[in-house]
Amino acid sequence: MLLTLLAAAGLALLRVRNLFAVVMLAGIYSLLSAGLFTVMDAVDVAFTEAAVGAGISTVLFLGALALCGHHESKPGHTPLLPLIVVLVTGGLLVWGTMDMPGFGDPANPVHHHVADHYIEESYPEIGIPNVVTSVLASYRGYDTMGETTVVFAAAVGVMILLAGRLGRRPQPEGKGDGG
Amino acid sequence: MREEVIVRVGAKVLAPFIITFGLYVHFHGDYSPGGGFQAGVILAAAIALLALVYGLDAVQKVVTPRFVRACAALGVIIFAGVGVVTMVLGHNYLGYNALAHDPRHGQHYGILGVELGVLVTVFGVMVTVFYLFAGRRGRTQ
């Protein structure tokens, strides 16, 4: 049911040319994904998806819309070549999944490398009930620090791109290079 | 939107609850879904809500762009600082067992510390990006 709604939202996203509707549909898409993650018991992921995808991203998209207008111009080329590329790539990816072990099989290698240790020893070693947090912040602390740094670096990038003219006077309309 | 009484009052009532919820998500991340990342986004959403309703200038007087930029950097320093502290105490980098006599307490403090770093960075980054987008003038204006 959720997957059907997700597919419907995705198709609608492709068809609509009004960017305001696109932003709203993207928010709905994120919220549906969050519901899907909840159904699959990945509550932490669902939480993040709802907060970031449906919440902050929508606001940021709206901010971008205020800058660039509400209508998408018609594409200047036929979608035939991109369609072929997408179909071939998708086909290859599906073909690649044929070798994968069965979905949800408890004997899968992925469940027996470090996952056993995390699930069985997390409470005695770390002492907190939420295994996701103990993996994220303790067992995989280096990764999380890298992620934090990446988030910070992204902000620096946005600052360089958008705030480069903070110190200067705004250029007269039409003379600027559009940046 | 600035003249709508219902929206203004609604935002004013909701904002403290959103901020409290964000802090709950952060400090309860050990026991329930959530943690620094989600909490930072929720706090940033509260700021964004206030800015949308009351205008960017009013919010930037309270939460200045300088402050949120500093937050973004400070969080990374907190995270990395926890690692340096554990090294000074004679353990591995980010080896939280060093932080208390009982390793489990040490782990607890360490996780709270690094999650605080994540919270501060994510909050700072999200609000900074929001300010930058919302503060620009469109070409049509």
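**Close-up views of a predicted two-chain model**

**View 1. Surroundings of Thr121(B).** Thr121(B) has a relative accessible area of 0% and is therefore classed as buried. The coordinates shown here and in the other views come from a predicted model. Thr121(B) belongs to helix H5 of chain B, which spans residues 103-135. Neighbours within four places in sequence being set aside, the contacts of Thr121(B) in chain B are Cys71(B), Ala72(B), Gly75(B) and Val76(B). From chain A, Thr148(A), Val151(A) and Phe152(A) are also in contact with Thr121(B).

**View 2. Interface of chain B and chain A.** The contact involves 42 residues of chain A and 45 residues of chain B. Between them the two chains bury about 3,900 Å², and carbon and sulfur atoms account for 74% of this area. On the chain B side, the residues that lose the most area to chain A are Arg104(B), Phe133(B) and Arg136(B), which together contribute 17% of what that side buries. The rule for salt bridges finds zero across this interface.

**View 3. The second largest pocket.** This pocket has a volume of about 550 Å³. Its lining comprises 20 residues, of which Ala42(A), His111(A), Ala115(A), Ile119(A) and Val132(A) are the closest to the pocket centre. Two or more lining residues come from each of three elements of chain A: helix H3 (43-68), helix H5 (115-126) and helix H6 (131-139). By residue class, the lining of the second largest pocket consists of 13 nonpolar, five polar and two charged residues.

Definitions and conventions. Residues are numbered from 1 along each chain as its sequence is written. Chains are lettered from A and ligands numbered from 1 in the order in which they are written. This is a predicted model: local features need pLDDT of at least 70, side-chain atom pairs count only at pLDDT 80 or more; totals for chains, interfaces and linings use all residues. Side-chain values use heavy atoms; hydrogens and water are left out. On a 1 Å grid over the protein atoms alone, a cavity is a set of points where a 1.4 Å probe fits but cannot get out, and a pocket is an open set with protein on both sides within 12 Å along at least five of seven lines; lining residues have an atom within 4 Å of a point. Grid points are joined across faces, edges and corners, and a volume is the space filled by probe spheres set on the points. Helices (H or I, at least four residues) and strands (E, at least two) are DSSP runs, numbered from the N terminus. Ala, Val, Leu, Ile, Met, Phe, Trp, Tyr, Cys and Pro count as nonpolar, Asp, Glu, Lys and Arg as charged, and the others, Gly among them, as polar. Buried means under 20% relative accessible area, exposed over 50%, partly exposed in between (1.4 Å probe, protein chains only). Contact means heavy atoms within 4.5 Å. Buried area is the accessible area (1.4 Å probe) that two parts lose on being put together, summed over both. A salt bridge is a side-chain nitrogen of Lys or Arg within 4 Å of a carboxyl oxygen of Asp or Glu.
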